[in-house]
Amino acid sequence: MDTPGRDLPLPIVLAGARGHGRWHLRNIRRLQDKGLVRLAGICELNPLTTDELAEAFEDFEDFGGRPPEQSADFGALLDSTGAAIAVICTPIPTHTDLALIAAGKGVHLLLEKPPAPSYAEFRRMADGVAAAGVACQIGFQSLGSHALPAIREMIASGVLGTVTGIGGAGAWARDEAYYRRAAWAGKRRLNGVDVIDGALTNPLAHAVVTALALHGATRAEDVGTIETELLRANDIESDDTSCVRVTTPRGRVAVAATLCAERPGEPYVLVHGSGGRIAFWYKLDRVLVQRSGHGPEEIEYGRTDLLENLVAHLTDGDELLVTPESTGAFMKVVEAIRRAPDPVALPTDAWETVPAENRRIVRGIDGLVAAAADTLALYSELGASWAPPNEVSTG
């Protein structure tokens, strides 16, 4: 792809600077301090206040004495700032349209995950971006971990013997406020438009995409059948307790997730082999190798920031780490969840409220999530009385 043809720092527009966007603001500040980028504009329906900017930037001297330009009109802001890169961290249903606005203006992209709420919208985005000839990085930060190529090398060298499958586990907690933070939070649809904001498709999407990536199943055509079990303890539309099993030419990938954990912990992916297994805590870049005839070995890896990788791609020709096509398999999972029946409400005797934390927990769910990753089984196969028969779809 062509470079912007400009010297560093590259001007950036951030669309969506509140919520998770605050993380992007801080990261842009970090790269601005390194001389790689310059925050030229912020697109928000309501402009950020001086105090909000100060959370990430100490003062306006960071912008040459002037704050970044702000506007609710994304396209106009890209034009007026001369942006080379747009970071899109807006509600899921807006991703495709905003990405195509930027692509149409020759602006390169970091697009937050999930890239789209349906496979059709994903294809519209990916095909449009490719036709425009701009670079697009999808914001699955776990795929920037240096642990991934290291684990792939271990697998290829036979450290685990024959790989028999890959599991994923995520036991997190989200309180009532999490589902009230935005109109689209916890929704499957909003005003007739797909949102699909469930445990596996948004907060714990990294577990799914990382497990698929370690299995070498990244493209849409790598996916065969997809089995889903979608449930909810909270008074929401989407799932907060769910599992999925994907069959690929190389075997099976099963991921279990909940936002109603009794004791929340770090999510992880397990690579199962005939001679051992590898656990990867993807938010920590930490790996534990356990194999026959050897003591356990724990290794910590570094990580390449995806925005920094995008800048290096545009200026030095570095390979993009997370292209749209490399998330095609994940989007097939999103599509299966979208097409599945609406999540089943758990019976009231399966969950309880923790008043001090203003959240609901599902009794015994932590053990079920771990067991699913260990055995590649679904909740219903593990004896959960509240789990409905799994829904099966084809890739």
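A residue is termed buried when its relative accessible area is under 20%, exposed when it is over 50%, and partly exposed in between. The legends below apply these terms to a predicted model.

**Figure 1. Overall view of the predicted chain.** The chain contains 10 helices and 20 strands. Its C-alpha trace spans about 60 × 50 × 40 Å along the principal axes. For 395 residues, a compact globule would be expected to have a radius of gyration near 21 Å, and the value for the chain, 21 Å, agrees with this. Of the 395 residues, 55% are buried. Among contacts with a separation of 6 or more, 71% are made by residues 24 or more positions apart. The exposed area is about 15,700 Å², of which carbon and sulfur atoms supply 49%. The chain carries 37 positive and 52 negative charges, and the mean positions of these two sets are 3 Å apart.

**Figure 2. The largest nonpolar core and the surroundings of leucine 212.** The largest nonpolar core comprises 102 residues. The members that touch the most others are Leu25, Phe74, Ile85, Met125, Leu212, Leu307 and Phe330. Helix H7, residues 205-214, gives the most to this core, with 8 residues. When residues up to four places away in sequence are not counted, leucine 212 touches Ala217, Val246, Val253, Ala329, Phe330 and Val333. A second, separate core holds 25 residues, including Leu346, Ala372, Ala373 and Trp386.

**Figure 3. Two cis peptide bonds that precede proline residues.** Most peptide bonds are trans. Leucine 8 and proline 9, by contrast, are joined by a cis peptide bond with omega of about 0 degrees. Proline 9 lies in the segment before strand E1, which covers residues 10-15. Another cis peptide bond joins lysine 113 and proline 114, and here omega is about -15 degrees. Proline 114 is placed in the loop between strand E5 (108-112) and helix H5 (119-132).

**Figure 4. Asparagine 358, a residue with positive phi.** Most residues other than glycine have a negative phi. Asparagine 358 is not a glycine, yet its phi is positive, at about 50 degrees. This asparagine is found in the loop between strand E18 (351-354) and strand E19 (359-362). Asparagine 358 counts as partly exposed because its relative accessibility is 42%, a value that lies between the cut-offs of 20% and 50%.

**Figure 5. Leucine 376, a residue with positive phi in the loop between H10 and E20.** Leucine 376 has a positive phi of about 65 degrees although it is not a glycine. The loop that holds leucine 376 runs between helix H10 (365-375) and strand E20 (391-394). With a relative accessibility of 5%, leucine 376 counts as buried, since burial requires a value under 20%.

**Figure 6. Alanine 384 and its contacts.** Alanine 384 lies in the loop between H10 and E20. Its relative accessible area is 9%, and alanine 384 is therefore buried. Not counting residues up to four places away in sequence, alanine 384 touches Leu368 and Tyr379. Alanine 384 and leucine 368 are 16 residues apart along the chain, and their C-alpha atoms are separated by 8.1 Å.

Key. Residues numbered from 1 in each chain as written. Predicted model: local features only at pLDDT ≥ 70, side-chain atom pairs only at ≥ 80, totals over all residues. Heavy atoms only, no water. Helix = DSSP H or I, 4+ residues; strand = E, 2+ residues; numbered from the N terminus. Rg over C-alpha atoms; globule rule 2.2 N^0.38 Å. Buried < 20%, exposed > 50% of the residue type's maximum accessible area, 1.4 Å probe, protein only. Contact = heavy atoms within 4.5 Å. Areas by Shrake-Rupley, 256 points an atom, 1.4 Å probe, with all protein chains shown as cover. Lys, Arg positive; Asp, Glu negative; His and termini not counted. Charge placed at Lys NZ, Arg CZ, Asp CG, Glu CD. Core = buried A, V, L, I, M, F, W, Y, C linked by side-chain atoms within 4.5 Å.
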